[in-house]
Amino acid sequence: LGVGVRTVQRVYTELEADGVVVTEGRRGTSIAAATAPTDATELAGEYAAAARRLGLTLPEATRLLERVWSVGPVGPVGGDQ
């Protein structure tokens, strides 16, 4: 396909970091389980409850999560707007 080995490795590394695939040494790489880990599900529930308590709408809570995901923590809610 004309794709460089380093490009393929980088893509696999990114997919693994995002939880899309799992690499198991000699067993190779496979698609990750479709369900979220229990810890992640519990934390998502806690975040949703906290966002509701703060009066955030779903789009506001989603935008905040997306922002923190891409740039890291931003401090208290509304603190840097």
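Here is a quick briefing on the fold, surface and charge pairs of this chain. The model is predicted, and its pLDDT averages 85, with 85% of the residues scoring at least 70. You're looking at 81 residues, of which 7% count as buried. The chain has 3 helices and 2 strands, laid out along the sequence as α-β-β-α-α.

**Confidence**
- Among the helices and strands, strand β2 (residues 29-31) has the lowest confidence, with a mean of 89.
- Helix α3 (residues 58-71) sits at the other end, with the highest confidence at 92.

**Overall layout**
- How many of the contacts between residues at least 6 apart in sequence join residues at least 24 apart? The share is 0%.
- The chain exposes about 7000 Å², and carbon and sulfur atoms supply 59% of that area.

**Helix α1 and what flanks it**
- Helix α1 covers residues 5-17, and V3 is found in the segment before it.
- The helix has 13 residues, which at 1.5 Å a residue should span 18 Å; the end C-alpha atoms are 18 Å apart, so the two agree.
- After α1 comes G19, with a positive phi near 80°.
- V3 also helps make a nonpolar surface patch, together with L1, V8 and Y12.
- That patch comes to about 460 Å².

**Helix α2 and what follows**
- Helix α2 runs over residues 38-53, which makes 16 residues.
- From first C-alpha to last, α2 reaches 23 Å, close to the 22 Å expected at 1.5 Å a residue.
- Just after α2, G55 has a positive phi too, at about 85°.
- A50 lies in helix α2.
- Is A50 buried, partly exposed or exposed? Its relative accessible area is 23%, so it counts as partly exposed, given that buried means under 20%.
- A50 and A61 are 11 residues apart along the chain, and their C-alpha atoms are separated by 9.7 Å.

**Salt bridges**
- Side chains of opposite charge can pair when their charged atoms come close. Here the count comes to 2 salt bridges.
- One of them joins E14 and R10, with the closest N and O atoms 3.4 Å apart.
- Why does that pairing fit the helix? E14 and R10 are 4 residues apart in α1, so about one helical turn separates them.
- The general rule behind this is that an α-helix has 3.6 residues a turn, so residues three or four places apart point the same way.
- Both partners of this bridge are partly exposed: E14 has a relative accessible area of 42%, and R10 comes in at 46%.
- E24 and R27 make a salt bridge as well, and their closest N and O atoms are 3.0 Å apart.
- How do E24 and R27 sit relative to the surface? E24 is partly exposed, at 36% relative accessible area, whereas R27 counts as exposed, because its 72% is over the 50% cut-off.

Notes:
Residues are numbered from 1 along each chain as its sequence is written. Side-chain values use heavy atoms; hydrogens and water are left out. Patches are made of residues with over 30% relative accessible area and no salt bridge: like charges are joined within 9 Å, nonpolar side chains (Val, Leu, Ile, Met, Phe, Trp, Tyr) within 5 Å. Accessible areas come from the Shrake-Rupley method with a 1.4 Å probe; for residues, only the protein chains shown count as cover. A salt bridge is a side-chain nitrogen of Lys or Arg within 4 Å of a carboxyl oxygen of Asp or Glu. Buried means under 20% relative accessible area, exposed over 50%, partly exposed in between (1.4 Å probe, protein chains only). Contact means heavy atoms within 4.5 Å. The expected span of a helix is 1.5 Å times one less than its number of residues. pLDDT is the predictor's confidence in each residue, from 0 to 100.
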